Amino acid sequence: MIREITVVLCLGLAVWAYQATQPPPPKLCGAPGGPPVTAPRIKLRDGRHLSYKEHGVPREKAKANIILVHGFASTKHDIMSMTDPIPHVVEELQLYMVSFDRPGYGESDPDLKRTPKSMALDIEELADHLGLGSKFHVMGFSMGGQVVWGCLKYIPHRLAGATLIAPVVNYWWPGFPANLSTEAYYRQIPQEQWVLSVAHHTPWLTYWWNTQKLFPASSVIAKKPEIFSSQDLELASLVAEKSKDRPQATLQGEFESLHRDYIVGFGRWEFDPMELENLFPNNEGSIHLWQGDEDVLVPASLQRYIAQRLPWINYHELPGAGHLFPAIPQNFEQILRAPFPGKE
């Protein structure tokens, strides 16, 4: 009798453990019971929908086309707000820009097989659907900056230029010296170290880790003050004010947006960014990487090493800047002008 009870308890515990690691299904936009579709969307190669927002001068007038990639816990609306205070620059440079909700965010369908490569191919499809020509620029912030690395690897032939703004690094990229990446990893606050390690080593536990109450989960999702620099804390209210009336990033659920970002961003990549070759050996285009030297979320030490390994990247480090420095109009103006020399 005791054996039977033990077996039942073990089976029950196993069922509970399995259910605890399984995220609820996403609430698809446009599906019964899901959020409504309010923005233009394209249908991708695999049947998913990608939602986008256009900005800047009309496509037919543009001298350059830029695809903007938003960061963690944000949407196509948030990254566009960076251009709001500087319309004169957009008009002067004759820029057409389009932002989009990354898979699982906002009104874009989730991609259960999301990888750095699939994201690059989504961007290529968006460009082709909008008729942006054979080449276009990509510009990504934070986790969106990490997406740009995938573009440099998988669609280099389509790029006229690329800009990485405080791009998130993966501490397990093999090109990093072990002592450097380890030191940078341990500078993260302890609870963030845990969630990064879980996402990398046991990705199937990511949902459980970020929703359980036994241990501290993601400090980034919780927006803990410890993840912000002094400048970031000053800018945080401004960023929040701009975003308060915008659609929620996690309309369709947190797993395929926030948690999937952790799994993809800090998982095992199929390539090492530090092995990339110069896309523009004849200076027909340029790659720019912008970083704040007081960024708590993304260590400047690792960005400096990347710039050292890839000297063809134009590296810009802003003194006293944290992670949210693009929210300062003067900073974003510099970022926007950099790929177009001679136009200052």
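A residue counts as buried here when its relative accessible area is under 20%. Keep that cut-off in mind as we walk through this predicted model, since several tryptophans will be judged by it.

Let's start with how far the coordinates can be trusted. The chain has a mean pLDDT of 90, with 91% of its residues at 70 or more. The stretch to treat with care is residues 2-17, where the pLDDT is below 50 and the model shows zero contacts beyond near neighbours in sequence. Where pLDDT is low, predicted coordinates should not be read in detail.

Now turn to the sheet. Eight strands form an open sheet with mixed pairing, in the order S1-S2-S4-S3-S5-S6-S7-S8. Strand S1 (41-43) and strand S8 (313-318) are its edges, each pairing on one side only. From one strand to the next, the twist averages 25 degrees.

For a closer look, pick out strand S2 (residues 49-56), which pairs with strand S4 (residues 95-100) in the antiparallel sense over five bridges. Glutamate 54 lies in strand S2 and stands opposite valine 98 in S4. At 35% relative accessibility, glutamate 54 is partly exposed. Its side chain makes two polar contacts worth finding: one with the side chain of arginine 59 at 2.8 Å, and one with the side chain of tyrosine 96 at 2.7 Å. Setting aside neighbours within four places in sequence, glutamate 54 also touches other residues, including Met97 and Leu130. For a sense of scale, the C-alpha atoms of glutamate 54 and histidine 200 are 35 Å apart, with their positions 146 residues apart along the chain.

The aromatic residues make a good last stop, as the structure holds 16 aromatic pairs. In one of them, the rings of tryptophan 149 and tryptophan 173 have centres 6.4 Å apart and planes at 80 degrees, so the pair is edge-to-face. Because tryptophan 149 sits in helix H5 (residues 143-154) and tryptophan 173 in the loop between strand S6 (159-165) and helix H6 (178-185), this pair ties together parts that are 24 residues apart in sequence. Tryptophan 149 is buried, with a relative accessible area of 0%, and tryptophan 173, at 3%, is buried too.

Tryptophan 208 and tryptophan 209 also form an edge-to-face pair, at 6.0 Å centre to centre and with 65 degrees between the planes; both are buried. To see a wider arrangement, go back to Trp149 and Trp173: ring pairs link them with Tyr154, Phe176, Trp269, Phe271 and Tyr305 into a cluster.

Notes
Residues numbered from 1 in each chain as written. Heavy atoms only, no water. pLDDT = per-residue confidence, 0-100. Contact = heavy atoms within 4.5 Å. Pairing = 2+ DSSP bridges. Helix = DSSP H or I, 4+ residues; strand = E, 2+ residues; numbered from the N terminus. Axes fitted to C-alpha atoms, helices over the stretch in contact; angles between N-to-C directions. Phe/Tyr/Trp six-rings, centres within 6.5 Å; stacked < 30°, edge-to-face > 60°. Buried < 20%, exposed > 50% of the residue type's maximum accessible area, 1.4 Å probe, protein only. Polar contact = N/O pair within 3.5 Å; in protein donor to acceptor, adjacent residues only side chain to side chain.
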